[in-house]
Each structure stands twice: as C-alpha cells, then as structure tokens.
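Reader: I would like to learn how to read helix packing, strand pairing and burial in a model. Could you take me through them?

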Amino acid sequence: LSDREDESTGRPGAPRFFGRRHGKKLRTSQRQTLDEGLPRLRIAAPERIFDPRSLFDFPVEQVWLEIGFGGGEHLAAQAAANPQVGLIGSEVFVNGIASLLRHVASRAVGNVRLWPDDVRQLLPFVAEASVARVFLLFPDPWPKQRHAERRFVGAANLDALARVMMDGAELRVASDDANYIAWSLEQLRAHPDFAERQDPPGVSDQPPDDWFATRYEQKARKVGRPCQYLRFWRTARSKAKSA
Ligand SMILES: C[S@@+](CC[C@H](N)C(=O)[O-])C[C@H]1O[C@@H](n2cnc3c(N)ncnc32)[C@H](O)[C@@H]1O
C-alpha cells in the first residue's frame, strides 16, 4: 500500500468509500513495518467464496472480525488474549494499518490476518455462517441526516454480516455518539436476523468484561463523553432456509 495513492482493490461495482485512506505521511519506520508486515498478513483479493479458517496456519476454534480497527489496539489485544481464535481485521486507513502491524509485531501474535480495504468488498466472499464474533467499534458517526446512508450500520451491511455470522454469533457495536447508538439500536431491532438478550443487555454504558479500550474510546473518555456498548446475537437460521 502506498501512503500517497489510493490502492483500493477497486473491484468493478465496488461500493464508494467516504472516509480517509491516508493521514500524515508515514515515517520511514512505519513504512518499513508496512512493507515487511503487510505481505505476511494480507488476505489476497478473493476470487471465490472461501472459509476464513483457511487463512490461518493452525486450526483455529473460531474466526472473529473487527471492522474499522483504527490503530488496532483492541484487535491486537483480543488476538493476544484469545490465541485459539483467528482474527480478521479490516481497515482502509493506511496509518492505522501500519499501527496495527506494529502492535501485532510487538505482541508476537500469529492469529491475525488483514484486509487492508473496505470490508464491504470482502464480505461477499466469506463463507456463510463462518464468523463467530464481529466488532464494529466507534464507527464513523456521519451525524448529518443527509449522510445517514454512509453509516455502517444499516440494512444492507447488516444483511451482509448476518450472512457470514454463525447462528448465535455476537455483534458488538460501541460508540460515544448517542445518535449513532439510537440509530443502530433501531436498525438492529428492526432486522430479523439479530436479537438482543436480557443478560447481557442489548445496550449498556459498561463494556463487556473481556474488553480492551480502543483509541477513540480512550479519547472520548478523556473529554468526558460517555460511551455505550451494544451486544446483539445472530438468530438461528430456520432449518428450511439453511437446507
Ligand atoms: C472513528 S474510527 C474508529 C477506529 C477504532 N475502531 C477505534 O475505536 O479507535 C472508524 C474507522 O473505521 C474505518 N472504516 C470505515 N468504514 C470502513 C469499511 N467499510 N471497511 C473498513 N474500515 C472502515 C475508518 O477508516 C476508520 O479508521
């Protein structure tokens, strides 16, 4: 990946991405981390549907996916805490990808694979019912109503997630934006493939016990912005539908 050019896989018909791909020019050491680390962990642009367990060089018990991992603090910490799980991280921001690679190297974890691009280009190739947990942490809030279609949580992306998630798989969404939380709750409660539980509750101001703070979360807490955490579960597929 260049820190100057847009090197999206640019599949024909790929959805338009509205966020930032590049930040500050990478320092030489970051460039080196990217050049050396990315080829080892990068998921090659898929040609056909694949089982994500096949990405790992040992038999993983489950596959988890983090969308928009930012600096990668949470992803690397989850990978270190759950060595039996294979984690896929997706992020378009080159500086964030370099940061994750640094965390992965310093923790010496071998259970992370990277999709350095828009996750919406990966999801259609991921086998149905193959992912056990999805993290969407502090997604870009797109607060203006006229930008609501850019919010990641929406019917089309929830359909795509529901397809790859196994029955009973967990979706975690967190945000410090009260409107985004209200919006996400509305979308998730309206979606037939997701359900909340009483315990743990669908929405809470406390993160799950096995949580690692993300960079955005730390920034929000520092300035006193309360964060909220959503936990929803993929409902069971009906036998007739999955047969
Ligand atoms: C507000 S940041 C939060 C980063 C991190 N999760 C955190 O909490 O610190 C949202 C991130 O999501 C990434 N992102 C947005 N849409 C994405 C998509 N469709 N696929 C992959 N990453 C995406 C953006 O590039 C950005 O880095």
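Author: Gladly; we will go through helices, strands and one loop residue in turn. This is a predicted model, where local features need pLDDT of at least 70, side-chain atom pairs count only at pLDDT 80 or more, and totals for chains, interfaces and linings use all residues. Residues are numbered from 1 along each chain as its sequence is written, and side-chain values use heavy atoms, with hydrogens and water left out.

Reader: At what angle do helix H2 and helix H3 pack?

Author: Two packed helices are described by the angle between their axes and the distance between the axes. Here H2 (residues 73–81) and H3 (residues 94–107) pack at about 25 degrees, with axes 9 Å apart. H2 is therefore roughly parallel to H3 (angles under 35 degrees).

Reader: Which residues in H2 and H3 meet?

Author: From H2 come Glu-73, Leu-75, Ala-76, Ala-77 and Ala-80, meeting Ser-99, Leu-100, His-103 and Arg-107 of H3; contact means heavy atoms within 4.5 Å.

Reader: In which sense do strands S1 and S2 pair?

Author: Two strands pair if DSSP finds at least two bridges between them. S1 and S2 (residues 85–90) pair in the parallel sense over six bridges, and Gln-62 has Val-85 in S2 as its bridge partner.

Reader: Why is S1 largely enclosed by the rest of the structure?

Author: Buried means under 20% relative accessible area (1.4 Å probe, protein chains only). S1 (residues 62–67) is largely enclosed because five of its six residues are buried.

Reader: Is Asp-118 buried or exposed?

Author: Asp-118 is buried, at a relative accessible area of 6%. Asp-118 sits in the loop between strands S3 (112–115) and S4 (131–137). Not counting residues up to four places away in sequence, Asp-118 touches Pro-15, Phe-17, Ser-90 and Val-92.

Technical notes:
Axes are lines fitted to C-alpha atoms, for helices over the stretch in contact, and angles run from 0 to 180 degrees between N-to-C directions. Helices (H or I, at least four residues) and strands (E, at least two) are DSSP runs, numbered from the N terminus. Angles under 35 degrees count as roughly parallel, over 145 as roughly antiparallel, 65 to 115 as roughly perpendicular and the rest as oblique. Buried means under 20% relative accessible area, exposed over 50%, partly exposed in between (1.4 Å probe, protein chains only).
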